[in-house]
Amino acid sequence: MVFTAVINLVRSRGPDEFWRKRKMFKLAAHYIGRPRNCYGITIRSVHRALAYATKGRELKKQDMRELWTQRINAGCEQHGMQVADFQNGLYRNEILLNRKVLADLAVWEPRTFEALALISQQVPEDDEGSSSNK
């Protein structure tokens, strides 16, 4: 590309603009119609989609936490326990499992979950001695 005047050299944005636009167009490659082809519309569509994706990740995490809580609750009800008592018993016996693992055990390993329920009902030896002194 030959520039005959300095003003044309200044106006040329060069490869930076091409790659910046290409990055946006690649994000919009699966869109249909003008959001795929027109850069101004592409920017708005891509930004909106990225915002929805961020919100969607947060909602997915929230849904998974609710699902885990429901599964743990159902497993505790099978063994005639309250969830708070179950988790408190596990904590007292120094069994530190998160909600995801407990929910997986409740669904896929019911006998293991039953064993955890029995363990959570037991009072550890340390608590027995300290409660009698009071």
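Colleague: What is a nonpolar core here?
Modeller: Start with burial: a residue is buried when its relative accessible area is under 20%. In this predicted model, a nonpolar core joins such residues through side-chain atoms within 4.5 Å. The residue types allowed are Ala, Val, Leu, Ile, Met, Phe, Trp, Tyr and Cys.

Colleague: Which residues have the most contacts inside the largest nonpolar core?
Modeller: That core has 13 residues. In soluble globular proteins, nonpolar side chains tend to be buried together. Those with the most contacts inside the core are Ile72, Cys76, Phe86, Leu102, Phe113 and Leu116.

Colleague: Which helix gives the most to this core?
Modeller: At least two core residues come from each of H4 (39–78), H5 (83–92), H6 (99–108) and H7 (110–121). One helix supplies four residues, the most of any: H6.

Colleague: Which residues does Ile72 contact, leaving aside neighbours within four places in sequence?
Modeller: Ile72 lies in H4, which spans 39–78. Its contacts beyond those neighbours are Val83, Phe86, Arg99, Leu102, Ala103 and Phe113.

Colleague: How many residues are in the second, separate core?
Modeller: Its members include Met24, Ala28, Tyr31 and Val46. The full count is five.

Colleague: What percentage of the chain's residues are buried?
Modeller: The chain has eight helices and zero strands. Its accessible surface comes to about 10,700 Å², with 54% belonging to carbon and sulfur atoms. Among the 134 residues, the buried share is 19%.

Definitions and conventions. Residues are numbered from 1 along each chain as its sequence is written. This is a predicted model: local features need pLDDT of at least 70, side-chain atom pairs count only at pLDDT 80 or more; totals for chains, interfaces and linings use all residues. Side-chain values use heavy atoms; hydrogens and water are left out. Buried means under 20% relative accessible area, exposed over 50%, partly exposed in between (1.4 Å probe, protein chains only). Accessible areas come from the Shrake-Rupley method with a 1.4 Å probe; for residues, only the protein chains shown count as cover. Contact means heavy atoms within 4.5 Å.
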